[in-house]
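Got a structure in front of you and wondering where the labels come from? Let's take them one at a time.

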Amino acid sequence: MLKQRIFWHDTVDMPSDKDLPPLPDRVGVAVIGSGFTGLAAARTLAQRGTRVAVLEAETIGWGASSRNGGMALTGLKLPMQTVIKKYGRGLAKRLFQCSLDSIDTVEQIVRDEKIDCGFARTGHLLAANKPKHFDALKDEAEFMAKEFNHKVHLVPPSEMQSEIGSDAYYGALLDEASGGLNPAQFVAGLARAAENAGATLHARARVTNLTRSPERRSERSGAETKTAVEGRDTRRFVVETERGTLEAESVLVATAGYTGPTTKSLQKKIIPIGSFIIATEKLPDDLARELSPKNRMIFDYKHYLNYFRLWDGRMIFGGRAAFFPENENTIARSAEILRREMVTVYPQLHDAKVEYVWGGTLDFAFDMMTHVGEDAGMFYSLGYAGHGVAMGAYLGKTVAEAMLAGNIKEHPFAQFDFPSAPLGLYDGRPWFLPFAGMWHKILDWVE
Ligand SMILES: Cc1cc2nc3c(=O)[nH]c(=O)nc-3n(C[C@H](O)[C@H](O)[C@H](O)COP(=O)(O)OP(=O)(O)OC[C@H]3O[C@@H](n4cnc5c(N)ncnc54)[C@H](O)[C@@H]3O)c2cc1C
């Protein structure tokens, strides 16, 4: 039985938890969580002169950011047709533009910080599992051109062999604006960049309690941050961690699918859902080229979707093989399910050895949208729904900028409510996941 081993972690020296620096007594911003969101925010805040500490429960970059598929994708989790219906044309256009800007942001950070993570705009392919999915993709291509002036290409079934060495699909939609990278190399590079900018990073410093001190900022000399805004609550946060306590003028919660009871009000709005990946042995060059001649980021149309891509001659194949987050059980089961799925798509991989399997946790809001904002003085950026590679870096940066400018309410992702569970039937323990899993399987069958 394969045990969890994260392939990406074998490609880079992840930040270590040896010789941990002491916690500072007082900072401008305490960032909770050290993934793309927290580190990109810390880099921006520190570059603009704010004293910032990143507090991480495990090791730096431990969460979804070093375990994902490395696909930097255009668009949001929800189809843009749904986004227009829910929020209107104006806001939908701003949100879609953020998704394009997010990939530019990754490109810019990679260039500026010289992060060696193989970032390349190889495009993404959304593959139709059924003929009627391809009809929907035709509508989607027209809609994206008309409403967003965004060019995507249809790949008819007869031309699929130029894109993918598989007969499993009935055509696809190609978006050349998307890209791919090695996520562990990117998050390790972001950590170095945040430190170089002046942020301090604190592994093994799980935040266990957050309270407001009665003392006001102005009573202290020398503000550590520029986030003081007129009319805002200026009491300090007392941030208790497993390694000591510090005070912060502001807090940014960047804990994604690992959001816990320390920030209960946010935990109750986030559903943690497992996603799993296997990686094969290194394949012969000609076989790898046959599987994905253009090295696209590929995913299918299903609710219970598969996503896959090559990296350095290995097939990296992921999916929502179990709905519950990663544990020994879900990982072992996922290895089997994903191998089966992979061989269905690519019979050529029947004898390929699967060398790695791992899992990570996604963060879904009840409306499947990403949310940024401020809750009782606590800033947050959460609910990436499996679209957080580029968006995490982008929202980390732009939320940090909004914290400094005092205008978080104007952020495009702060323009709609962050819903709680229907009827309040959720306290952070996702009892309904088996039903949701079944429901998605039924939808895949009928749709
Ligand atoms: C298997 C998998 C595949 C994916 N594939 C893709 C993909 O191809 N493309 C894409 O766009 N997105 C993908 N995603 C989603 C993407 O990885 C995430 O959206 C993104 O990494 C979220 O980044 P983050 O910084 O917000 O959170 P994370 O990287 O999850 O970091 C959150 C951190 O917060 C820490 N934390 C939690 N509580 C506390 C506490 N109390 N104190 C201190 N620290 C705490 C955790 O330990 C964790 O390290 C995938 C996710 C998974 C799991």
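Q: How is the lining of the second largest pocket split by class?
A: In this predicted model, that lining has 12 nonpolar, 4 polar and 6 charged residues. Among the residues closest to the pocket's centre are Gly 373, Glu 374 and Lys 409. Glu and Lys count as charged and Gly as polar, so Glu 374 and Lys 409 go in the charged class and Gly 373 in the polar one.

Q: What makes Tyr 380 and Ile 408 nonpolar here?
A: Both are listed with the residues closest to the centre of the second largest pocket. Tyr and Ile are on the nonpolar list, so that is the class they get.

Q: Which elements supply at least two residues each to this lining, and which one gives the most?
A: β17 (371–375), β18 (378–382) and α8 (388–405) each supply at least two. β17 gives the most, with 5 residues. As for the space itself, the second largest pocket holds about 320 Å³, and 22 residues line it.

Q: What makes the other empty space a cavity, not a pocket?
A: A cavity is a space where a 1.4 Å probe fits but cannot get out, whereas a pocket is open. With a lower limit of 30 Å³, the count comes to 1 cavity. The largest cavity has a volume of about 80 Å³, so it passes that limit. Of its 13 lining residues, the closest to the centre are Leu 76, Lys 77, Thr 370, His 387 and Met 391. By class, the cavity lining divides into 8 nonpolar, 4 polar and 1 charged.

Q: Why is Ala 256 called buried?
A: The cut-off for buried is under 20% relative accessible area. Ala 256 comes in at 18%, so it is buried. You'll find Ala 256 in the loop between β11 (244–253) and α5 (264–267). Its phi is near 40°, a positive value in a residue other than glycine.

Q: How do you know whether Lys 114 is buried or exposed?
A: Exposed means over 50%. Lys 114 has a relative accessible area of 68%, so it counts as exposed. Lys 114 lies in the loop between α2 (80–112) and β4 (124–127), and it too has a positive phi, near 50°. Across the chain, 58% of the 447 residues count as buried.

Q: Why are β5 and β16 called edge strands?
A: The sheet is open, with 8 strands in the order β5-β6-β4-β13-β14-β15-β12-β16 and mixed pairing. β5 (153–155) and β16 (354–365) each have a single partner strand, so one side of each is left without a neighbour in the sheet. From one strand to the next, the twist averages 20°.

Q: What makes β4 and β13 a pair?
A: Two strands pair if there are at least two bridges between them. β4 and β13 (residues 297–300) have 4 bridges, so they qualify, and they run in the parallel sense. One of the bridge partnerships joins Ala 127 to Asp 300 in β13.

Q: Which strands does helix α7 touch as it packs on the sheet?
A: α7 (residues 328–345) touches β12 (270–280), β14 (306–311), β15 (314–319) and β16. The direction of α7 makes about 60° with that of β12. In total, the chain comes to 9 helices and 18 strands.

Terms used: Residues are numbered from 1 along each chain as its sequence is written. This is a predicted model: local features need pLDDT of at least 70, side-chain atom pairs count only at pLDDT 80 or more; totals for chains, interfaces and linings use all residues. Side-chain values use heavy atoms; hydrogens and water are left out. On a 1 Å grid over the protein atoms alone, a cavity is a set of points where a 1.4 Å probe fits but cannot get out, and a pocket is an open set with protein on both sides within 12 Å along at least five of seven lines; lining residues have an atom within 4 Å of a point. Grid points are joined across faces, edges and corners, and a volume is the space filled by probe spheres set on the points. Buried means under 20% relative accessible area, exposed over 50%, partly exposed in between (1.4 Å probe, protein chains only). Axes are lines fitted to C-alpha atoms, for helices over the stretch in contact, and angles run from 0 to 180 degrees between N-to-C directions. Contact means heavy atoms within 4.5 Å.
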